[in-house]
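Trainee: Could we go through the labels on this model together? I would like to see how each one follows from its value.

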Amino acid sequence: MTLEDINRVTVLGAGNMGHGITEVVAIAGYDVTMRDIEQELVDDGYEDIEWSLEKLAENGRIDEAPADVMARIDTGVDLETAVEDADLVIEAAPEQMEIKHDIFSDLDEFTPEDAILASNTSSLSITEIATATERPEQVVGMHFFNPPVKMDLVEVIYGGETTDETAETAYEFVESIDKTPIYVRKDVNGFVVNSVLGPFGGEAAWMVSEGVADIREVDGTMVHERGYPMGPFELGDLTGIDIGYHVRKEAGRPIPPIVQEKVDAEELGQKTGKGYYDHEGGEGADYDAADASEDFDWLRIEARIINEAAKLIGNDVATPEAIDTGLRLGAGFPEGPCRRADKIGLGTVLEKLDDLYEEYGADRYEPAGYLEELVEEGNTGEDAGAGFYEYGESADRDYTTINVEHNDDGLLEVELDRQARMNALNQDMMDEIVHLLETVDQDEVRAVTFEGAGDRAFCAGADITGFAGIDPHEVEVTPVFQTVNDFPRPTLAKIDGFCLGGGHELALACDLRVATTDSEFGFPEIDLGLIPGGGGTQRAVRMLTEARAKELVFRGERIDAETAEEWGLINRAVSAEEFDDTVEEFVSDLVNGPPIALRKAKKVMNEGRDQDISVGLELEAQAFGLLLSTDDMMEGASAFMEDRAPEFEGK
């Protein structure tokens, strides 16, 4: 079974996960059958999909009318009928192994022999589930995150006998439904995200149980100093304290006393009105920045998170890239644990684990062999040039926030990829852009394009959580905007979606800007009591009239793409259907144009813009004289006389 062979999908289960997966698959264009054991359950799930599609349409998040998407969805309660023509089955039944075995045994009998059988389980063994079939090589885990319509991540999990062909097809299918897959290459308990996430709540609970910290101190520090979207105890109340309790118990891990106390008292979080916080008589998770403490040992939590990641890497379960992607998209971490570890220093992490292991003697502190190997080899992180990732000045650096493609025609394509944060700029992304532009062989580059991953944003601004805990008096403006501005080859921003704050400044640092009509532009910093800090005030006032520039900055309001074009902020505002063709026209002119002339034109226009006009004219004249002596000029003149396309070589 290959991706091209998948035409019909069946989802087993019409609950939150089942109807959510069904909706995502139908939006992607597949015919899908949603089946559950009772018609009432199926009807409820179907109505939930209709409601969700209407909301997505109202917000402009889908390209089709809801009725067109619904037309691809069939429903039923008879299992054999639902799966008899399925190329892919995704099971989303209750998390009980007996139920899974019954279902997969029936699937083995009722589905076509080449069908892929996938389970959406979040905690059960794929290997064990597959024993109910005669084709374990075609059984794979596809763990969607809740709610599937909003969450981008899907873990693709190998069972003990899953073939590469099965897993690769599942991976490609996830990509085809516009989700982000990561491989989990061994069937370990908790897979990737839940394995690495476990210590976030678990170690925090041990610390409070021991009396070395209180609940608000933990949550306040982890959110306001370390940048996590919510604190460990707030997260526990949201997901249900009993959920984590049962996961630990089934895995045979010790239960922190505070967790046991809450379960015994049936204070399980929001769903019971009380947990670590009071959600009925109180204000819920009522911690704030004042609760953050410099004395709180946050490294104890993060060291354990990093250690779990190192175990997975050392055991060939997942790569650092997969782990970091999983925790960013699946758990909302501000940055991946492997990247954060390289910043902290792996030696520091190992020392913390050794100290804890010596003090407590608990197995959870025993350092991973892979972590010890890295430190022993001197690969202790970013400062050492290598850790979980490769660093240094060479062009071989591993990028974690941008995707780069350098085409044969000289086009360097840069994709900003922090979709969980709408591609918001953080320090890593800015550093990686600077590193790329400073180390790339400029002679091999004709033009550079920047775009945002996904369909929501070019770049929605600066990620405030990425700068948590930084003294504002010590912040230095990153050179990324000036580096883009000064890069000697033409640069083009391909804007589809939000282009705000720092993202707007990045686009303005480019030479050219093409946007879809659905895009929005603005400087919202004023609403935070700030001003644009990456050159936005200066570039805007040079591109626009002073009144327009001040309107953008002072009012903090957004403008649409057509207004941005009218004001002169962008070059073109075109429909989504015309976008790729319009960009291609621009790019073609840039990569096929005379490299030296384009470089000189950019230089004199950029430098002359900030000078007295006489200085600018002098710069222009000097460049013009130099260009008269180039081979490219002779080629351009010859091609014009011969009525042919020029072939510029940059000489």
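Mentor: Happy to; we will take single residues, then helix pairs, then the nonpolar cores, keeping in mind that this is a predicted model.

Trainee: Why is glutamine 96 called partly exposed?

Mentor: Its relative accessibility is 47%. Buried needs under 20% and exposed needs over 50%, so glutamine 96 counts as partly exposed. You will find glutamine 96 in the loop between strand 4 (88-91) and helix 5 (97-110).

Trainee: What makes glutamate 266 exposed, then?

Mentor: Glutamate 266 has 62% relative accessibility, and the label exposed applies over 50%, so glutamate 266 earns it. Glutamate 266 sits in the loop between helix 12 (257-264) and helix 13. Its phi is positive, about 55°, although glutamate 266 is not a glycine.

Trainee: Which label does phenylalanine 191 get, buried or exposed?

Mentor: Buried: the relative accessible area of phenylalanine 191 is 1%, and the cut-off is under 20%. Phenylalanine 191 also has a positive phi of about 55° without being a glycine. Its place is the loop between strand 8 (180-184) and helix 8 (193-210).

Trainee: What makes the peptide bond from asparagine 146 to proline 147 cis?

Mentor: Look at omega, which is near 0° for that bond. Proline 147 belongs to the loop between strand 6 (139-144) and strand 7 (153-158).

Trainee: On to the helix pairs. Why is helix 9 called roughly perpendicular to helix 10?

Mentor: The axes of helix 9 (residues 215-224) and helix 10 (residues 232-239) cross at roughly 100° and come within 7 Å. Angles of 65 to 115 degrees count as roughly perpendicular, so helix 9 and helix 10 get that description. Helix 9 contributes Ile215, Val218, Asp219 and Met222 to the contact, while helix 10 contributes Pro232, Phe233 and Glu234. By class, that gives five nonpolar, no polar and two charged residues.

Trainee: Why are helix 13 and helix 15 oblique to each other?

Mentor: Their axes cross at roughly 120°, coming within 10 Å; helix 13 covers residues 298-314 and helix 15 residues 337-344. Roughly perpendicular runs from 65 to 115 degrees and roughly antiparallel starts over 145, so this pair is oblique. The crossing is left-handed. Among the contact residues are Trp298, Ile305 and Ala309 of helix 13, and Pro337, Cys338 and Ala341 of helix 15. The contact of helix 13 with helix 15 divides into 10 nonpolar, no polar and two charged residues.

Trainee: Which residues touch the most other members in the largest nonpolar core?

Mentor: In that core of 77 residues they are Leu107, Val218, Ile301, Ile323 and Phe388. Helix 13 gives the most to this core, with nine residues. A second, separate core of 45 residues includes Val440, Phe481, Ile495 and Leu506.

Trainee: What does isoleucine 323 contact, leaving aside neighbours within four places in sequence?

Mentor: Its contacts are Val192, Val196, Ala309, Leu312, Ile313, Ala318, Pro337 and Cys338.

Trainee: And how do you know that valine 440 is buried?

Mentor: Valine 440 has a relative accessible area of 14%, and under 20% means buried. Valine 440 lies in the loop between helix 18 (427-439) and strand 11 (447-452). Not counting residues up to four places away in sequence, valine 440 touches His406, Leu412, Val445 and Phe487.

Technical notes:
Residues numbered from 1 in each chain as written. Predicted model: local features only at pLDDT ≥ 70, side-chain atom pairs only at ≥ 80, totals over all residues. Heavy atoms only, no water. Helix = DSSP H or I, 4+ residues; strand = E, 2+ residues; numbered from the N terminus. Buried < 20%, exposed > 50% of the residue type's maximum accessible area, 1.4 Å probe, protein only. Axes fitted to C-alpha atoms, helices over the stretch in contact; angles between N-to-C directions. Parallel < 35°, antiparallel > 145°, perpendicular 65-115°, else oblique. Left-handed = near helix turned anticlockwise from the far one by under 90°. Contact = heavy atoms within 4.5 Å. Nonpolar A, V, L, I, M, F, W, Y, C, P; charged D, E, K, R; others polar. Core = buried A, V, L, I, M, F, W, Y, C linked by side-chain atoms within 4.5 Å.
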